[in-house]
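Reader: Hi! Could you walk me through this structure? I'm new to this, so plain words would be great.

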Amino acid sequence: QVQLVESGGGLVQAGGSLRLSCAVSGSILGINAMGWYRQVPGNERELVARIFIGGMTNYADSAKGRFTISRDNAKNTVYLQMNSLKPEDTAVYYCNADIRVGVLQWTVYWGQGTQVTVSA
């Protein structure tokens, strides 16, 4: 059974920083893309940042220059360093990963979400 476990969310003042982590565990053969998404009530889940196995990244415009995504392939973990946080960054943050679970089988898994709240 594959699990994605997030940590690092919390309450921070505007201008502050948080670092989110997401560790993948279970029976996996490999991981391709890993990403962070966020969602506020009433809105669709939106991409924040994504990183591919070779290290290529892409970011939402709202995250560029403030957030940095990275990964440790040895630990099957993806990170999101968030700096200069704004109240509009308040959301539940979810990680996901495109995981190889069989010879020809890739499946996208999601974490349970971690709340990030930025006070003005």
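Author: Happy to! One definition to begin with: a charge sits over a ring if NZ of Lys or CZ of Arg is within 6 Å of the ring centre and within 35 degrees of the ring normal. Also keep in mind that this is a predicted model.

Reader: Okay, so which ring faces does Arg-45 lie over?

Author: One is the face of Tyr-94, where Arg-45 is at 3.6 Å from the ring centre. Arg-45 also lies over the face of Trp-110, at 4.7 Å from the ring centre.

Reader: Cool. How many aromatic pairs does the structure hold?

Author: There is one aromatic pair. Its partners are Tyr-37 and Trp-110, with ring centres 5.0 Å apart and planes at 65°, so the pair counts as edge-to-face.

Reader: Where do Tyr-37 and Trp-110 lie?

Author: Tyr-37 is in strand β4 (residues 30-39) and Trp-110 is in strand β10 (residues 105-110), so the pair ties together parts 73 residues apart in sequence.

Reader: And is Tyr-37 buried or exposed?

Author: Tyr-37 counts as buried because its relative accessibility is 15%, and the cut-off for buried is under 20%. Trp-110 has a relative accessible area of 38%, so this residue is partly exposed.

Reader: Switching topic: which cysteines form a disulfide?

Author: Cys-22 and Cys-95 do, and their sulfur atoms are 1.9 Å apart. The count comes to one disulfide. In general, a disulfide is a covalent bond between the sulfur atoms of two cysteines.

Reader: What parts of the chain does the pair link?

Author: Distant ones: Cys-22 sits in strand β3 (residues 18-25) and Cys-95 in strand β9 (residues 91-102), 73 residues apart. Cys-22 and Cys-95 are both buried. Their link is right-handed, with 40° about the S-S bond.

Reader: Nice. What about the largest nonpolar core, which residues touch the most other members?

Author: That core has 28 residues, and those touching the most other members are Val-24, Trp-36, Leu-80, Met-82 and Tyr-93. Elements giving two or more residues to the core include β3, β4, β8 and β9. The largest share, five residues, comes from β9.

Reader: I clicked on Leu-20. Where is Leu-20 placed, and what does Leu-20 touch?

Author: Leu-20 is in strand β3. Its relative accessible area is 0%, which means that Leu-20 is buried. Leaving out residues up to four places away in sequence, Leu-20 touches a list of residues, among them Trp-36, Leu-80, Met-82 and Tyr-93. Those four names also appeared among the core residues that touch the most other members.

Reader: Oh, that helps! Now Thr-77: is Thr-77 buried or exposed?

Author: Thr-77 counts as buried because its relative accessibility is 8%. You can find Thr-77 in strand β8 (residues 77-82). Not counting residues up to four places away in sequence, its contacts include Cys-22, Ala-23 and Met-34, and Cys-22 is one of the disulfide cysteines from before.

Reader: What does the side chain of Thr-77 reach?

Author: The side chain of Thr-77 reaches the backbone oxygen of Lys-75, at 2.9 Å.

Reader: And which backbone oxygen does the side chain of Arg-100 reach?

Author: That of Val-103, at 2.9 Å. Arg-100 is found in strand β9, and this residue counts as partly exposed because its relative accessibility is 29%. Although Gly-30 is 70 residues away from Arg-100 along the chain, their C-alpha atoms are separated by 5.0 Å. Gly-30 is also one of the residues that Arg-100 touches, and others include Ile-28 and Trp-106.

Reader: Last one, about backbone angles. What is phi of Asn-76?

Author: Phi of Asn-76 is near 50°, a positive value in a residue other than glycine. For background, most residues other than glycine have a negative phi. Asn-76 is in the loop between β7 and β8.

Reader: And what is phi of Ser-84, and where does Ser-84 lie?

Author: Phi of Ser-84 is also positive, near 50°, and Ser-84 lies in the loop between β8 and β9. With 41% relative accessibility, Ser-84 counts as partly exposed. Asn-76 is partly exposed too, with a relative accessible area of 24%.

Reader: Thanks, that was fun!

Notes. Residues numbered from 1 in each chain as written. Predicted model: local features only at pLDDT ≥ 70, side-chain atom pairs only at ≥ 80, totals over all residues. Heavy atoms only, no water. Helix = DSSP H or I, 4+ residues; strand = E, 2+ residues; numbered from the N terminus. Buried < 20%, exposed > 50% of the residue type's maximum accessible area, 1.4 Å probe, protein only. Polar contact = N/O pair within 3.5 Å; in protein donor to acceptor, adjacent residues only side chain to side chain. Contact = heavy atoms within 4.5 Å. Disulfide = S-S within 2.5 Å. Phe/Tyr/Trp six-rings, centres within 6.5 Å; stacked < 30°, edge-to-face > 60°. Core = buried A, V, L, I, M, F, W, Y, C linked by side-chain atoms within 4.5 Å.
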